[in-house]
Amino acid sequence: MATVDITREHSLGKEQAKEKAQLMADKLAQKLDAKCAWHGDELTFKRSGADGSIHVSESDVRVVVKLSMMLSPMQGMVKAEIEKALQKYLA
């Protein structure tokens with residue numbers, strides 16, 4: 001099992017960062033057919049072969065994605081896509 005773990009600082013404040021995380025999750029849900037749900041300041045998502053979370057704080061956003069053995073070869077691509085999304089939504 002492969003894990004992608006990325007933390008990105010922001011200056012948006014927690015509520016605005018949560019709104020941006022929701023936008024990322026909406027895109028993720030559409031693109032990967034993932035199910036998403038908020039639990040406090042953490043948005044969890046799950047789909048066949050992958051699950052993870054987006055944790056939002058006042059100063060940073062942490063994205064953790066666990067990939068199944070079958071999706072492990074895609075770890076580099078998944079990491080690049082997450083970094084691109086974080087850059088887009090938190091800039």
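In strand β4, Gly52 is the bridge partner of Phe45. That pairing is a good place to start reading this predicted model, and we can follow the strands outward from there.

**The strands and their hairpins**

Six bridges join β3 to β4 (residues 50–56), and the two strands run antiparallel. Arg47 stands opposite Ala50 in β4. Two residues lie between the strands of this hairpin, where Gly49 takes a positive phi near 90 degrees.

On to the next pairing: β4 and β5 are also antiparallel, with seven bridges between them. Here Asp51 has Lys66 in β5 as its bridge partner, and the hairpin that joins β4 to β5 does so through three residues.

Now go back towards the start of the chain. Strand β2 (residues 35–39) pairs with β3 (residues 42–47) in the antiparallel sense, over five bridges. In this pair, Trp38 stands opposite Leu43 in β3. The hairpin of β2 and β3 has two residues between the strands, and Gly40 takes a positive phi near 70 degrees there.

The table puts these strand pairs side by side.

| Strand pair | Sense | Bridges | Residues between strands |
|---|---|---|---|
| β2 and β3 | antiparallel | five | two |
| β3 and β4 | antiparallel | six | two |
| β4 and β5 | antiparallel | seven | three |

A handy rule for looking at any of them: in a regular strand, side chains alternate between the two faces of the sheet.

How enclosed is β4 by the rest of the structure? Five of its seven residues are buried, so β4 is largely enclosed.

**The loop between β4 and β5**

Ser57 has its place in the loop between β4 and β5. With a relative accessibility of 18%, Ser57 counts as buried, because the cut-off for buried is under 20%. Leaving aside neighbours within four places in sequence, Ser57 is in contact with His10 and Lys14.

Glu58 lies in this loop too. Is Glu58 buried or exposed? It is exposed, with a relative accessible area of 53%. Not counting residues up to four places away in sequence, Glu58 touches His10, Gly13 and Lys14. The C-alpha atoms of Glu58 and Gly13 are separated by 5.1 Å, although the two residues are 45 residues apart along the chain.

**Helix α2**

Helix α2 covers residues 75–90, which makes 16 residues. At 1.5 Å a residue the helix should span 22 Å, and its end C-alpha atoms are indeed 22 Å apart. Which residues of α2 are buried? They are Val78, Ile82, Leu86, Tyr89 and Leu90. Looking down the helix axis, these buried residues fall within an arc of 80 degrees, so they line one face of α2. The general background is that an α-helix has 3.6 residues a turn, so residues three or four places apart point the same way.

The cover over the buried residues of α2 includes β1 (2–9), α1 (14–32) and β5 (60–67). On the other side of the helix, Gly76, Lys84, Gln87 and Lys88 are exposed.

**Helix α1 and the rings**

Leu32 is found in helix α1, and at 35% relative accessibility this residue counts as partly exposed. The C-alpha atoms of Leu32 and Ser48 are separated by 9.2 Å, with their positions 16 residues apart along the chain counted as the separation.

Finally, how many aromatic pairs does a search of the whole structure find? Zero. Trp38 does have a charged visitor, though: Lys18 lies over the face of its ring, at 5.2 Å from the ring centre.

Definitions and conventions. Residues numbered from 1 in each chain as written. Heavy atoms only, no water. Phe/Tyr/Trp six-rings, centres within 6.5 Å; stacked < 30°, edge-to-face > 60°. Lys NZ or Arg CZ within 6 Å of the ring centre and 35° of its normal. Helix = DSSP H or I, 4+ residues; strand = E, 2+ residues; numbered from the N terminus. Expected span 1.5 Å × (residues − 1). Buried < 20%, exposed > 50% of the residue type's maximum accessible area, 1.4 Å probe, protein only. Arc of directions from axis to C-beta. Contact = heavy atoms within 4.5 Å. Pairing = 2+ DSSP bridges.
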